[in-house]
Amino acid sequence: AFFLTPDLYLKEKKFLRHAVRHTDKILSCSHYCADSGKEFLGIDYPTKVIYNNVDEILFNPKNDGHNIREKYNIPENAIVLMTMGRIGVDMGIDFLIREIDGITSIDKNLIVFFVGARAELCDSVELLAKSNSQVRFAFSIPIEEKHYFFAACDIFTAPTKDKHACMGIANIEAMMSGKAVIASRSGGHPETIEDNVSGILVPFENGKLSAEFYIEKLNILVKNPQIRNEYGEQGRKRALKLFTNDQIVEEHLDIIREFS
(Lines give C-alpha, C1' and ligand atoms only; values in the text may rest on other atoms or scores of the structure.)
Protein backbone atom coordinates (compact mmCIF):
# COMPACT_ATOMS: atom_id res chain seq x y z
CA ALA A 1 0.00 0.00 0.00
CA PHE A 2 2.94 2.37 0.62
CA PHE A 3 3.93 1.91 -3.03
CA LEU A 4 0.44 1.91 -4.54
CA THR A 5 -1.26 4.72 -2.60
CA PRO A 6 1.46 6.73 -0.84
CA ASP A 7 -0.72 9.84 -0.54
CA LEU A 8 -2.97 8.01 1.92
CA TYR A 9 -0.06 7.55 4.32
CA LEU A 10 1.77 10.87 4.01
CA LYS A 11 -0.27 12.57 6.73
CA GLU A 12 0.43 9.63 9.07
CA LYS A 13 4.13 9.45 8.28
CA LYS A 14 5.30 11.00 11.58
CA PHE A 15 3.10 8.68 13.63
CA LEU A 16 4.16 5.60 11.62
CA ARG A 17 7.83 6.40 12.15
CA HIS A 18 7.19 6.75 15.88
CA ALA A 19 5.26 3.47 16.02
CA VAL A 20 7.89 1.53 14.09
CA ARG A 21 10.76 2.89 16.20
CA HIS A 22 9.00 1.60 19.33
CA THR A 23 8.25 -1.84 17.86
CA ASP A 24 10.43 -4.85 18.67
CA LYS A 25 9.79 -6.55 15.35
CA ILE A 26 7.63 -6.11 12.26
CA LEU A 27 5.97 -9.35 11.09
CA SER A 28 5.01 -9.87 7.47
CA CYS A 29 4.21 -12.64 5.00
CA SER A 30 6.93 -11.55 2.56
CA HIS A 31 10.23 -9.70 2.53
CA TYR A 32 8.69 -7.42 -0.09
CA CYS A 33 5.99 -6.24 2.30
CA ALA A 34 8.23 -6.27 5.35
CA ASP A 35 10.65 -3.88 3.66
CA SER A 36 8.06 -1.71 1.89
CA GLY A 37 7.87 0.80 4.72
CA LYS A 38 11.62 1.28 4.98
CA GLU A 39 11.82 3.24 1.75
CA PHE A 40 8.59 5.14 2.37
CA LEU A 41 9.37 6.06 5.99
CA GLY A 42 13.08 6.52 5.41
CA ILE A 43 14.09 4.40 8.42
CA ASP A 44 15.30 0.87 9.10
CA TYR A 45 13.59 -1.54 11.46
CA PRO A 46 13.78 -5.22 12.49
CA THR A 47 11.58 -7.61 10.53
CA LYS A 48 10.52 -11.23 10.64
CA VAL A 49 8.97 -12.90 7.61
CA ILE A 50 6.56 -15.78 8.13
CA TYR A 51 5.15 -16.98 4.84
CA ASN A 52 1.52 -17.92 4.19
CA ASN A 53 0.69 -21.55 4.88
CA VAL A 54 -1.29 -23.99 2.73
CA ASP A 55 -2.74 -27.34 3.77
CA GLU A 56 -0.63 -29.90 1.92
CA ILE A 57 -3.27 -32.61 2.33
CA LEU A 58 -6.17 -30.53 1.05
CA PHE A 59 -4.21 -29.06 -1.87
CA ASN A 60 -2.81 -32.22 -3.37
CA PRO A 61 -1.79 -33.31 -6.89
CA LYS A 62 -3.95 -36.42 -6.45
CA ASN A 63 -7.17 -34.39 -6.26
CA ASP A 64 -9.68 -35.01 -9.06
CA GLY A 65 -10.94 -31.99 -10.97
CA HIS A 66 -13.19 -33.95 -13.33
CA ASN A 67 -16.45 -32.71 -11.76
CA ILE A 68 -15.37 -29.09 -12.06
CA ARG A 69 -14.51 -29.54 -15.72
CA GLU A 70 -17.84 -31.22 -16.34
CA LYS A 71 -19.77 -28.51 -14.49
CA TYR A 72 -18.20 -25.71 -16.54
CA ASN A 73 -18.31 -27.52 -19.87
CA ILE A 74 -14.55 -27.94 -20.19
CA PRO A 75 -13.62 -30.80 -22.55
CA GLU A 76 -11.48 -33.64 -21.24
CA ASN A 77 -8.75 -32.89 -23.78
CA ALA A 78 -8.64 -29.17 -22.91
CA ILE A 79 -5.56 -27.49 -21.47
CA VAL A 80 -6.85 -25.19 -18.74
CA LEU A 81 -5.15 -21.90 -17.86
CA MET A 82 -6.77 -20.73 -14.62
CA THR A 83 -6.51 -17.55 -12.61
CA MET A 84 -8.01 -17.27 -9.13
CA GLY A 85 -8.48 -14.07 -7.15
CA ARG A 86 -10.56 -10.91 -7.25
CA ILE A 87 -11.87 -10.35 -10.76
CA GLY A 88 -10.37 -6.88 -10.93
CA VAL A 89 -7.55 -4.75 -12.26
CA ASP A 90 -5.32 -5.30 -9.22
CA MET A 91 -5.21 -9.03 -10.00
CA GLY A 92 -4.29 -8.41 -13.63
CA ILE A 93 -7.64 -9.54 -15.05
CA ASP A 94 -7.59 -6.57 -17.42
CA PHE A 95 -4.34 -7.96 -18.87
CA LEU A 96 -5.91 -11.35 -19.58
CA ILE A 97 -8.97 -9.72 -21.15
CA ARG A 98 -6.84 -7.44 -23.29
CA GLU A 99 -4.56 -10.26 -24.48
CA ILE A 100 -7.22 -12.98 -24.78
CA ASP A 101 -6.97 -13.32 -28.56
CA GLY A 102 -3.22 -13.87 -28.44
CA ILE A 103 -3.58 -16.29 -25.54
CA THR A 104 -6.34 -18.44 -26.99
CA SER A 105 -4.69 -18.52 -30.42
CA ILE A 106 -1.83 -20.57 -28.90
CA ASP A 107 -3.94 -23.72 -29.09
CA LYS A 108 -7.56 -24.39 -30.00
CA ASN A 109 -7.83 -26.69 -26.96
CA LEU A 110 -6.69 -24.00 -24.52
CA ILE A 111 -9.38 -22.84 -22.09
CA VAL A 112 -8.92 -19.66 -20.04
CA PHE A 113 -10.76 -20.06 -16.74
CA PHE A 114 -11.49 -16.93 -14.65
CA VAL A 115 -12.23 -17.96 -11.06
CA GLY A 116 -12.62 -15.71 -8.04
CA ALA A 117 -14.44 -13.12 -5.99
CA ARG A 118 -16.70 -10.65 -7.73
CA ALA A 119 -15.09 -7.30 -8.54
CA GLU A 120 -15.27 -4.57 -11.17
CA LEU A 121 -14.37 -6.72 -14.21
CA CYS A 122 -16.93 -9.51 -13.80
CA ASP A 123 -19.23 -8.06 -16.46
CA SER A 124 -16.32 -7.78 -18.90
CA VAL A 125 -15.38 -11.42 -18.31
CA GLU A 126 -18.98 -12.54 -18.88
CA LEU A 127 -19.14 -10.61 -22.15
CA LEU A 128 -15.81 -12.11 -23.18
CA ALA A 129 -17.15 -15.62 -22.58
CA LYS A 130 -20.06 -14.89 -24.93
CA SER A 131 -17.74 -13.89 -27.76
CA ASN A 132 -14.91 -16.39 -27.19
CA SER A 133 -15.74 -20.08 -26.83
CA GLN A 134 -12.39 -20.72 -25.10
CA VAL A 135 -13.30 -18.64 -22.04
CA ARG A 136 -14.99 -19.91 -18.86
CA PHE A 137 -15.73 -18.22 -15.54
CA ALA A 138 -16.82 -19.08 -11.99
CA PHE A 139 -17.40 -16.26 -9.52
CA SER A 140 -17.61 -16.45 -5.72
CA ILE A 141 -17.04 -20.19 -5.55
CA PRO A 142 -17.61 -22.13 -2.28
CA ILE A 143 -14.35 -22.21 -0.35
CA GLU A 144 -14.74 -25.96 0.25
CA GLU A 145 -14.47 -26.50 -3.52
CA LYS A 146 -11.37 -24.37 -4.01
CA HIS A 147 -8.87 -27.23 -4.13
CA TYR A 148 -10.93 -29.00 -6.81
CA PHE A 149 -10.63 -25.95 -9.07
CA PHE A 150 -6.85 -26.19 -8.82
CA ALA A 151 -7.12 -29.89 -9.66
CA ALA A 152 -9.14 -28.98 -12.77
CA CYS A 153 -6.45 -26.72 -14.23
CA ASP A 154 -3.18 -27.50 -15.99
CA ILE A 155 -1.49 -24.11 -15.63
CA PHE A 156 -2.11 -21.43 -13.03
CA THR A 157 -1.58 -17.75 -13.78
CA ALA A 158 -1.33 -14.66 -11.58
CA PRO A 159 -0.66 -11.64 -13.83
CA THR A 160 -0.96 -9.32 -10.83
CA LYS A 161 -0.50 -5.56 -11.13
CA ASP A 162 3.02 -4.16 -10.65
CA LYS A 163 4.03 -3.71 -6.97
CA HIS A 164 0.69 -5.05 -5.78
CA ALA A 165 0.96 -8.63 -4.52
CA CYS A 166 2.38 -9.12 -1.06
CA MET A 167 2.88 -12.85 -1.49
CA GLY A 168 0.25 -14.41 -3.72
CA ILE A 169 -1.23 -17.27 -1.71
CA ALA A 170 -3.02 -18.62 -4.79
CA ASN A 171 0.41 -19.25 -6.32
CA ILE A 172 1.29 -21.36 -3.28
CA GLU A 173 -2.01 -23.25 -3.49
CA ALA A 174 -1.30 -23.98 -7.15
CA MET A 175 2.23 -25.14 -6.38
CA MET A 176 1.01 -27.32 -3.52
CA SER A 177 -1.49 -28.79 -6.00
CA GLY A 178 1.37 -29.67 -8.35
CA LYS A 179 0.54 -27.13 -11.06
CA ALA A 180 2.89 -25.10 -13.22
CA VAL A 181 2.64 -21.37 -12.56
CA ILE A 182 3.16 -18.34 -14.78
CA ALA A 183 2.97 -15.11 -12.79
CA SER A 184 4.07 -11.50 -12.87
CA ARG A 185 7.14 -10.35 -10.96
CA SER A 186 4.85 -8.30 -8.77
CA GLY A 187 5.51 -7.95 -5.04
CA GLY A 188 6.42 -11.17 -3.28
CA HIS A 189 5.88 -13.47 -6.26
CA PRO A 190 9.66 -13.96 -6.76
CA GLU A 191 9.87 -15.20 -3.16
CA THR A 192 7.27 -17.86 -3.90
CA ILE A 193 8.24 -19.03 -7.38
CA GLU A 194 11.68 -20.10 -8.51
CA ASP A 195 11.88 -18.75 -12.03
CA ASN A 196 12.28 -21.50 -14.65
CA VAL A 197 12.27 -24.11 -11.88
CA SER A 198 8.81 -24.15 -10.31
CA GLY A 199 7.25 -21.67 -12.70
CA ILE A 200 7.80 -18.62 -14.88
CA LEU A 201 8.04 -15.00 -13.75
CA VAL A 202 6.99 -12.40 -16.31
CA PRO A 203 8.73 -8.99 -16.22
CA PHE A 204 7.17 -5.55 -16.40
CA GLU A 205 8.04 -2.96 -19.01
CA ASN A 206 7.31 0.64 -17.98
CA GLY A 207 4.94 -0.62 -15.32
CA LYS A 208 3.03 -2.92 -17.67
CA LEU A 209 3.28 -6.69 -17.86
CA SER A 210 5.14 -7.78 -21.00
CA ALA A 211 2.46 -9.38 -23.18
CA GLU A 212 5.03 -10.61 -25.69
CA PHE A 213 7.06 -12.41 -23.00
CA TYR A 214 3.92 -13.79 -21.34
CA ILE A 215 2.51 -15.30 -24.52
CA GLU A 216 5.89 -16.66 -25.59
CA LYS A 217 6.39 -18.48 -22.27
CA LEU A 218 2.76 -19.57 -22.01
CA ASN A 219 3.09 -21.11 -25.46
CA ILE A 220 5.93 -23.27 -24.12
CA LEU A 221 3.86 -24.43 -21.15
CA VAL A 222 0.79 -25.19 -23.27
CA LYS A 223 2.66 -27.22 -25.87
CA ASN A 224 5.05 -29.08 -23.54
CA PRO A 225 3.28 -31.25 -20.96
CA GLN A 226 6.65 -32.55 -19.74
CA ILE A 227 7.76 -29.03 -18.79
CA ARG A 228 4.39 -28.39 -17.12
CA ASN A 229 4.78 -31.56 -15.09
CA GLU A 230 8.37 -30.75 -14.11
CA TYR A 231 7.39 -27.27 -12.92
CA GLY A 232 4.45 -28.76 -11.05
CA GLU A 233 6.64 -31.33 -9.31
CA GLN A 234 9.23 -28.73 -8.35
CA GLY A 235 6.51 -26.38 -7.16
CA ARG A 236 5.07 -29.07 -4.89
CA LYS A 237 8.54 -29.77 -3.44
CA ARG A 238 9.13 -26.07 -2.77
CA ALA A 239 5.70 -25.66 -1.18
CA LEU A 240 6.28 -28.67 1.09
CA LYS A 241 9.60 -27.15 2.15
CA LEU A 242 8.43 -23.60 2.88
CA PHE A 243 4.66 -23.27 3.14
CA THR A 244 3.14 -26.14 5.15
CA ASN A 245 0.94 -25.65 8.20
CA ASP A 246 3.53 -27.30 10.47
CA GLN A 247 6.35 -25.12 9.15
CA ILE A 248 4.46 -21.86 9.65
CA VAL A 249 3.13 -22.83 13.10
CA GLU A 250 6.69 -23.60 14.20
CA GLU A 251 7.87 -20.19 13.00
CA HIS A 252 5.12 -18.49 14.99
CA LEU A 253 6.16 -20.50 18.04
CA ASP A 254 9.74 -19.30 17.54
CA ILE A 255 8.51 -15.70 17.79
CA ILE A 256 6.59 -16.50 20.99
CA ARG A 257 9.65 -18.18 22.49
CA GLU A 258 11.81 -15.22 21.53
CA PHE A 259 9.65 -12.78 23.50
CA SER A 260 8.72 -15.07 26.40
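The nonpolar cores, a surface patch and the salt bridges of the structure are described below. The model is predicted, so that local features need pLDDT of at least 70 and side-chain atom pairs count only at pLDDT 80 or more, while totals for chains, interfaces and linings use all residues. Residues are numbered from 1 along each chain as its sequence is written, and side-chain values use heavy atoms, with hydrogens and water left out.

The largest nonpolar core (buried Ala, Val, Leu, Ile, Met, Phe, Trp, Tyr and Cys residues joined through side-chain atoms within 4.5 Å) has 38 residues, of which M82, M84, F113, V115, F149, F150 and F156 touch the most other members. Two or more residues each are given to this core by β3 (79–84), β4 (110–116), α8 (146–152), β6 (155–158), α9 (169–176), β7 (180–184) and α13 (245–259); helices (H or I, at least four residues) and strands (E, at least two) are DSSP runs numbered from the N terminus. The most is given by α9, with 5 residues. Contacts (heavy atoms within 4.5 Å) of F156 include M82, M84, F150, A170, A174 and I182, residues up to four places away in sequence not being counted. A second, separate core of 31 residues includes F114, C122, L128 and V222.

On the surface, V249, L253 and I256 form a nonpolar patch with about 250 Å² of accessible area together. Such a patch is made of residues with over 30% relative accessible area and no salt bridge, nonpolar side chains (Val, Leu, Ile, Met, Phe, Trp, Tyr) being joined within 5 Å; areas come from the Shrake-Rupley method with a 1.4 Å probe. V249 lies in helix α13 and is partly exposed at 47% relative accessible area (buried, under 20%; exposed, over 50%; partly exposed, in between).

Salt bridges (a side-chain nitrogen of Lys or Arg within 4 Å of a carboxyl oxygen of Asp or Glu) number 13. In the pair K38 and D35, the closest N and O atoms are 3.3 Å apart; these residues are 3 apart in helix α3 (residues 31–41), about one helical turn. R98 and D94 meet at 3.8 Å, N to O, and lie 4 residues apart in helix α5 (residues 93–98); R98 is exposed at 53%, whereas D94 is partly exposed at 26%. Salt bridges that share partners join D35, K38 and D44 into one network.

D154 forms a salt bridge with R69, the closest N and O atoms being 2.7 Å apart. This pair links distant parts of the chain, 85 residues apart: D154 is in the loop between α8 and β6, and R69 in helix α4 (residues 66–71). D154 is partly exposed at 23%, whereas R69 is buried at 13%.

Methods: Buried < 20%, exposed > 50% of the residue type's maximum accessible area, 1.4 Å probe, protein only. Patch = residues over 30% accessible without salt bridge, like charges linked within 9 Å, V, L, I, M, F, W, Y side chains within 5 Å.
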